[in-house]
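Here are a few friendly notes to read alongside the model. Keep the structure open and follow each point on it.

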Amino acid sequence: MAATTAYRGLDKLKPEMRVRVELFLKAVANAGLKILITETWRSQERQEYLYASGRTRPGNVVTWTMYSKHLIGEAVDIAFLTDDGKVTYSGNWEAVGRLGELQGLVWGGRWPTPDRPHFEFNHQWQAQHWGAQAEQELLSAGAITQKKNLDQPPSRAELYVILSHFHKL
């Protein structure tokens, strides 16, 4: 694959990352949001090509490191899709970011220099901790009235409550 071409398949992600990304994609779809994975795994050649952008090659700086988690199958980048299928970087990033975090992903939108399209594997994530936190948010918001199986993506009703919270921010 040429250094100029982004790889978008999930097959080169580490298995535990692929599972989290698949759950993330389901949660986003359940929320009625439309996204597209723009890149997953990268070769070292592609990372060097991207790193050169805005430095030794014309263009904007698009990456800050030569050691991206994309190189080891632990990162994905996304964009939103418009109703007519066009790629855009305008959308409800807070909602999508939170949905990724609920699946055990680190969202680049929370970094000091935000990278909103970027999600990576969180080695510190513990399902029971984040699951309990998510469950408490849903209980507090009235989206659920009893404990549920948190191994499943939130339902459309639960996501509506979560998303409505972000619209208030």
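**Notes on the predicted model**

1. Let us begin with a single residue. Ala52 is buried, because its relative accessible area is 15% and the cut-off for buried is under 20%. Please keep in mind throughout that this is a predicted model.

2. Where does Ala52 lie? Its place is in helix H2, which spans residues 44–52. You can also look from Ala52 across to Met66: the two are 14 residues apart along the chain, and 9.7 Å separates their C-alpha atoms.

3. Now step back to the whole chain. It holds five helices and five strands. Starting at the N terminus, the order of these elements is α-β-α-β-β-α-β-β-α-α. Try tracing that order on the model with your finger.

4. How much of the chain is buried? Of its 169 residues, 44% are buried. As for contacts between residues at least 6 apart in sequence, 58% of them join residues at least 24 apart.

5. Helix H1 deserves a closer look. It covers residues 15–30, 16 residues in total. From its first C-alpha to its last it reaches 23 Å, close to the 22 Å expected at 1.5 Å a residue.

6. Which residues of H1 are buried? They are Met17, Arg20, Val21, Phe24, Ala27 and Val28. Looking down the axis of H1, you would find these buried residues within an arc of 125°, so they line one face of the helix. Pro15 and Lys26 are exposed, and they sit on the face of H1 turned away from the buried side.

7. What follows H1? Here you meet Gly32, with a positive phi near 80°.

8. Next, find the largest pocket, which holds about 550 Å³ of space. Its lining is made of 25 residues, and those nearest the pocket's centre are Arg42, Val62, Thr63, Asp77 and Asp115.

9. Which elements each supply at least two residues of that lining? Strand E1 (35–39), helix H2 (44–52) and strand E5 (118–121) each do so. Helix H2 is thus a familiar name by now, as Ala52 lies in it too.

10. Finally, consider the kinds of residue around the largest pocket. The lining comprises ten nonpolar, eight charged and seven polar residues. Arg42, Asp77 and Asp115, among those nearest the centre, count as charged.

Notes. Residues numbered from 1 in each chain as written. Predicted model: local features only at pLDDT ≥ 70, side-chain atom pairs only at ≥ 80, totals over all residues. Heavy atoms only, no water. 1 Å grid on protein atoms, 1.4 Å probe; cavity = no way out; pocket = protein on both sides within 12 Å on 5 of 7 lines; lining within 4 Å. Points joined across faces, edges and corners; volume = space filled by probe spheres on them. Helix = DSSP H or I, 4+ residues; strand = E, 2+ residues; numbered from the N terminus. Expected span 1.5 Å × (residues − 1). Buried < 20%, exposed > 50% of the residue type's maximum accessible area, 1.4 Å probe, protein only. Arc of directions from axis to C-beta. Contact = heavy atoms within 4.5 Å.
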